[in-house]
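Trainee: I would like to learn how to read the packing of helices, one feature at a time. Could we begin with the model in front of us?

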Amino acid sequence: MVTDSQQLRSLLGERLEIVQEIARLNARQLQNRQIFSGFELEVMLCERDLSQAGDMAAVADRLERARAQRDTAEARLAEDDSELMEWHRRLDAVDRRISAS
């Protein structure tokens, strides 16, 4: 039979694991946000360069690559948001179980 103390210890251990995962995901999201911002800046620079004279084909190619990379980074951010919401739901559920014990 599991005692209340053992159950609480188990719940606190589970909570710690969840908080660690949330911290890891927050760090990954920050990194992905920085990557996204870099690609967004590259898109803006390419668009500016297109409005000026120069090798339009090379700039257009660079712009296309930058937009694709930005879109990929944006998709990663959406995945991060989804994962974080799920882990926060898990944390809320564990916190409710801890409060009830």
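Trainee: How close do the axes of helix H1 and helix H2 come, and at what angle do they cross?

Mentor: This is a predicted model, and for a pair of helices one asks for the approach of the axes and for the angle between their directions. Here the axes of H1, residues 4-51, and H2, residues 56-100, come within 7 Å of each other and cross at roughly 160°. Angles over 145 degrees count as roughly antiparallel, and H1 and H2 are therefore roughly antiparallel to each other. As to the hand of the crossing, H1 passes H2 in a left-handed one. The contact of H1 with H2, sorted by class, has 26 nonpolar residues, 20 charged residues and five polar residues.

Trainee: How does the span of H2 compare with what its 45 residues should give?

Mentor: The general idea is to set the distance between the end C-alpha atoms against the span expected at 1.5 Å a residue. For the 45 residues of H2 that expectation is 66 Å, and the end C-alpha atoms lie 65 Å apart, which agrees. In H1, which has 48 residues, the first and last C-alpha are 69 Å apart, close to the expected 70 Å.

Trainee: Which residues of H2 are buried, and how should I read their spacing?

Mentor: An α-helix has 3.6 residues a turn, so residues three or four places apart point the same way. In H2 the buried residues are Val 59, Leu 63, Ala 66, Arg 70, Ala 73, Leu 77, Asp 80, Leu 84, Trp 87, Leu 91, Val 94 and Ile 98. What covers these buried residues of H2 includes H1. In H1, the buried residues include Leu 11, Ile 18, Glu 21, Ile 22, Leu 25, Gln 29, Asn 32 and Phe 36, and what covers the buried residues of that helix includes H2.

Trainee: Why does Arg 70 count as buried, and what is Arg 70 in contact with?

Mentor: For a single residue one compares the relative accessibility with the cut-off, and buried means under 20%. Arg 70, whose place is in helix H2, has 18% relative accessibility and therefore counts as buried. Apart from neighbours within four places in sequence, Arg 70 is in contact with Phe 36, Phe 39, Glu 40 and Val 43.

Trainee: Which residues do Leu 77 and Asp 80 touch, leaving aside their neighbours in sequence?

Mentor: Leu 77 lies in helix H2 and counts as buried because its relative accessibility is 8%. With neighbours within four places in sequence left aside, Leu 77 is in contact with Gln 29, Asn 32, Arg 33 and Phe 36. From C-alpha to C-alpha, Leu 77 and Arg 28 are 9.1 Å apart in space, although 49 residues separate them in sequence. Asp 80 also has its place in helix H2, and its relative accessible area of 2% is why Asp 80 is buried. Residues up to four places away not being counted, Asp 80 touches Arg 28, Gln 29 and Asn 32.

Trainee: Are Glu 79 and Gln 69 buried, partly exposed or exposed?

Mentor: Between the cut-offs for buried and exposed, 20% and 50%, a residue is called partly exposed. Glu 79, found in helix H2, has a relative accessible area of 49% and is therefore partly exposed. Gln 69, found in helix H2 as well, is partly exposed at 38%. Separation in sequence and distance in space are read side by side: Glu 79 and Leu 12 are 67 residues apart in sequence and 27 Å apart in space, C-alpha to C-alpha, while for Gln 69 and Gln 34 the values are 35 residues and 13 Å.

Definitions and conventions
Residues are numbered from 1 along each chain as its sequence is written. This is a predicted model: local features need pLDDT of at least 70, side-chain atom pairs count only at pLDDT 80 or more; totals for chains, interfaces and linings use all residues. Side-chain values use heavy atoms; hydrogens and water are left out. Axes are lines fitted to C-alpha atoms, for helices over the stretch in contact, and angles run from 0 to 180 degrees between N-to-C directions. Helices (H or I, at least four residues) and strands (E, at least two) are DSSP runs, numbered from the N terminus. Angles under 35 degrees count as roughly parallel, over 145 as roughly antiparallel, 65 to 115 as roughly perpendicular and the rest as oblique. A crossing is left-handed if the near helix is turned anticlockwise from the far one by less than a right angle, and right-handed if clockwise. Ala, Val, Leu, Ile, Met, Phe, Trp, Tyr, Cys and Pro count as nonpolar, Asp, Glu, Lys and Arg as charged, and the others, Gly among them, as polar. The expected span of a helix is 1.5 Å times one less than its number of residues. Buried means under 20% relative accessible area, exposed over 50%, partly exposed in between (1.4 Å probe, protein chains only). Contact means heavy atoms within 4.5 Å.
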